[in-house]
Amino acid sequence: MALATPPYESEPKNGREPGRKRVFLVGNPNVGKSVLFNALTSSYAVVSNYPGTTVEVSRGKLRLDGEELEVVDTPGMYSLRPITEEERVARDLLLRDDGVIVSVVDAKNLPRLLPMTLELSMLGRPLILVCNLMDEAKGAGVTLDVKALSRKLGVPVVATVATRGAGLDELKKLIEREAAVAGAPFALPGPIGAAVETIAGALNGVPSAPFLALLHLEGDAAAAQIAPVEPEIIARARAFLADARPSAVSAEISKLFRKRASEILADVFVQGRRASSRWRERVDGMLLNPWTGFPVLAIVLYLGLYEFVGVFGGQVVVGWLENDLFLSHVNPWLSALFAKYVPWAVIRDLFVGEDGVLTMGIRYAVAIILPVVGSFFLAFSVLEDSGYLPRLALMLNRLFRVIGLNGRAVIPLILGFGCDTTATMVTRVLETTRERVIATFLLALAIPCSAQIGLILGLLGGHPAAMGLWIFTVAGIFLISGTLMARFLPGKQARFFMELPPLRVPSLKNVLNKTMSRMGWYFLEVVPLFVLASVLVWIGNITGLFPKLIAATEPVMRALGLPGAASKAFLFGFFRRDYGAAGLYELQKAGALDGVQLLVSAVTLTLFLPCIAQFLMMKRERGWKVTLLMSGVILALAISVGWALNQILLLSGVTL
Amino acid sequence: MIECALCRKMFDPKSIEAQGACQGCSLIGTGCGRVRCPYCGYENQRPLKDARERFKKLWRGFGHAAPHGDQ
């Protein structure tokens with residue numbers, strides 16, 4: 001990955017600025033670094049942007065035994081191999097200086113955070129580990145043998161509670177002493193270790209050589225700028241590795257750091273088995289095991305989506321808003337108002353006609369879509385906040401491998417349930433082109449976005465058999481298409497690993513905040529588009545174009561066993577998926593669709609062409625040829641599946 | 001800073017990396033209100049206060065649709 005390096009204030013010598021002693025506080029966000037910074041500096045601090053970036057860096061002064069040191073609070077980072085600009089800035093600050101590094105970790109999460117301390121040890125700088133938030137660790141049942149940890153790690157370790165000042169005196173003494181002593185770098189084992197040694201050997205005794213060698217192996221452009229190495233040496237180093245792709249190297253290095261951290265922490269860090277830990281472990285086990293995980297998923301889908309979104313949101317709330325509010329009061333009032341004050345029929349038609357901006361556009365947005373999407377967002381936020389989604393990704397990993405993807409694809413596919421357009425772009429997280437093509441196709445074909453899914457749930461709520469058949473048909477098409485693509489598309493499949501954040505009881509505040517944010521943004525996005533849709537329909541009606549287009553597609557509707565009026569919903573659906581679903585909703589309420597027609601229209605609309613926004617994103621990500629080919633296949637498939645489903649249901653005499 | 005809903009890592013939605021994830025999206029400037037986590041790629045919802053700021057800008061008649069995280 002090519003990284004831009006910020007401008008240096010002076011020319012770096014082997015990556016470091018000489019002179020003034022500094023103390024760098026390094027660690028993840030939310031470990032108490034800033035509290036520690038304030039406690040150490042306790043007076044005047046300067047906050048400034050790192051040159052050429054928007055990242056703020058705080059600097060303060062620490063007086064120790066007559067000497068003044070500068071304390072730098074580096075931006076929060078999760079790894080020395082950066083992904084964000086904040087992490088790049090933090091790493092560049094460390095590479096430029098000889099200062100003491102204070103690695104601050106949250107003591108109760110030491111197993112997760114110690115790997116970064118091992119990375120820091122490879123910089124060859126004086127290093128101190130601060131296990132902060134010891135009070136919380138104790139409360140969580142953690143026992144930490146600080147002396148044993150220090151012995152096994154080879155660096156001084158101090159336990160602190162920065163908010164109370166506990167441990168700070170000891171830390172200051174260590175800083176004073178450690179200013180002259182460099183820590184021992186962690187040596188990576190195996191082929192990676194051999195590769196690192198090969199490159200480090202060429203860096204002529206530079207103290208950060210092992211770490212810079214790691215960066216070279218990962219193809220980091222910063223390493224090439226700070227400490228260039230001959231390409232032949234890099235090639236010789238990579239020859240040690242079975243898979244020299246930067247992403248594979250990075251994954252392997254992370255694994256080695258985690259393994260070493262586990263070895264160090266054995267018998268040193270003991271997590272007491274409290275009732276809440278046991279509970280979490282049991283639930284984790286259930287969610288990750290497919291034998292229990294799939295039934296749990298089925299329950300989540302039934303209760304969360306079908307009952308809450310489909311029945312409560314889609315029927316109860318929509319029924320009240322649409323019938324009792326809009327159709328009974330708001331629309332008649334608006335029509336009367338316009339009849340009284342607006343003499344021009346064509347303008348009245350624009351605003352309060354059958355497809356009027358106010359009588360249809362706003363009504364769709366407020367009475368139909370908002371409650372359904374709102375309840376979907378609420379249910380989704382609960383799942384998010386609990387930590388369930390990454391476990392779902394892990395559980396589905398094996399299944400996804402059958403369709404040529406891996407658990408990592410859960411990210412764009414889950415995103416697709418939010419917005420397929422963004423999800424299509426997020427297929428970039430998948431490592432190979434093959435996976436990206438498969439994921440893009442499946443997103444366009446069989447993953448309904450949140451707008452659409454909420455409405456379809458509302459449409460089918462109260463028809464459990466139809467709902468079950470809808471899920472079965474769409475999931476079946478998803479799996480069959482994916483399997484066929486996996487079989488016939490050339491290319492390798494990438495591995496998947498993911499760090500699981502802890503499970504937690506969803507916080508009501510977080511859930512409500514996320515839901516309100518999503519609903520607020522959604523409303524801002526949807527209302528203008530629905531108004532625009534109404535205006536376009538009005539223009540289409542005036543010019544006679546829209547009725548012609550509807551008439552042209554009616555034969556297709558009849559072939560699907562649907563009334564001609566359904567063609568409007570499908571045409572709307574290309575513009576905006578939820579608009580199309582809302583059109584079907586109207587037909588259902590008017591009694592124009594029976595159970596079988598409801599199912600056929602829901603399945604066909606789900607599998608239908610992507611909306612315009614997603615279409616454009618596909619074109620951007622995959623190019624015109626692939627996009628048009630995919631769209632053609634999708635359209636044909638959607639109509640074929642709808643037709644076949646209708647025939648099967650009619651021939652079998654099933655009523656829903 | 002916001003917490004990613006999937007991986008729980010913290011990131012700044014206004015940072016260049018998060019903005020970079022939105023570059024090239026056909027929804028940019030339309031106010032979709034999402035921002036991608038630079039660590040795991042998961043889309044997160046921007047805080048609602050950003051929606052209010054965006055609405056104010058639109059109301060004031062800024063013609064150019066600025067990218068997400070506009071300063």
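In which helix of chain A is the place of Ser375(A)? In this predicted model, Ser375(A) belongs to helix H15 of chain A, a helix that covers residues 357–386. The residue has a relative accessible area of 6%. Buried means under 20% relative accessible area, and therefore Ser375(A), at 6%, is classed as buried. Apart from neighbours within four places in sequence, the residues in contact with Ser375(A) are Phe308(A), Val309(A) and Gly313(A).

A wider view of chain A sets this residue in context. The chain contains 28 helices and nine strands. Of its 656 residues, 54% are buried. Among the contacts in chain A with a separation of 6 or more, 75% join residues that are 24 or more positions apart. The accessible surface of the chain comes to about 27900 Å², and carbon and sulfur atoms account for 63% of that area.

The strands deserve attention next. Seven strands of chain A form an open sheet with mixed pairing, and their order across the sheet is E2-E3-E4-E1-E5-E6-E8. Strand E2 (45–49) and strand E8 (157–159) of chain A stand at the edges; each has a single partner strand, so one side of each has no neighbour in the sheet. From one strand to the next, the twist averages 25 degrees. Within the sheet, strand E3 (residues 56–64) of chain A pairs with strand E4 (residues 67–73) of chain A in the antiparallel sense, over seven bridges. In this pair, Arg59(A) stands opposite Val72(A) of E4(A).

Helices accompany the sheet. Helix H3 of chain A, residues 110–121, packs on the sheet and touches E1, E5 and E6 of chain A. The direction of helix H3 makes about 170 degrees with that of E5(A). Helix H1 of chain A, residues 33–41, lies across six strands by name: E1 (22–26), E2, E3, E4, E5 (100–106) and E6 (127–132) of chain A. Helix H1 runs at about 40 degrees to E3(A).

Which residues does Thr41(A), a member of helix H1 of chain A, touch beyond those up to four places away in sequence? They are Gly60(A), Lys61(A) and Val71(A). Within chain A, the side chain of Thr41(A) also reaches the backbone oxygen of Phe37(A), at 2.7 Å. Is Thr41(A) buried or exposed? Its relative accessible area is 4%, and because buried means under 20%, Thr41(A) counts as buried.

Asn30(A) is found in the loop between E1 and H1 of chain A. Asn30(A) is not a glycine, yet it has a positive phi of about 65 degrees. Its relative accessibility is 59%. Exposed means over 50%, and so Asn30(A) counts as exposed.

Chain B offers a residue to set beside Asn30(A). Arg8(B) is found in the loop between strand E1 (2–3) and strand E2 (10–11) of chain B. Arg8(B) likewise is not a glycine, and it has a positive phi of about 65 degrees. Where Asn30(A) is exposed, Arg8(B) is buried, with a relative accessible area of 13%.

Technical notes. Residues are numbered from 1 along each chain as its sequence is written. Chains are lettered from A and ligands numbered from 1 in the order in which they are written. This is a predicted model: local features need pLDDT of at least 70, side-chain atom pairs count only at pLDDT 80 or more; totals for chains, interfaces and linings use all residues. Side-chain values use heavy atoms; hydrogens and water are left out. Helices (H or I, at least four residues) and strands (E, at least two) are DSSP runs, numbered from the N terminus. Buried means under 20% relative accessible area, exposed over 50%, partly exposed in between (1.4 Å probe, protein chains only). Contact means heavy atoms within 4.5 Å. Two strands pair if DSSP finds at least two bridges between them. Axes are lines fitted to C-alpha atoms, for helices over the stretch in contact, and angles run from 0 to 180 degrees between N-to-C directions. A polar contact is a pair of N or O atoms within 3.5 Å; within protein, one must be able to donate a hydrogen and the other to accept it, and residues adjacent in sequence count only if both atoms are side-chain atoms. Accessible areas come from the Shrake-Rupley method with a 1.4 Å probe; for residues, only the protein chains shown count as cover.
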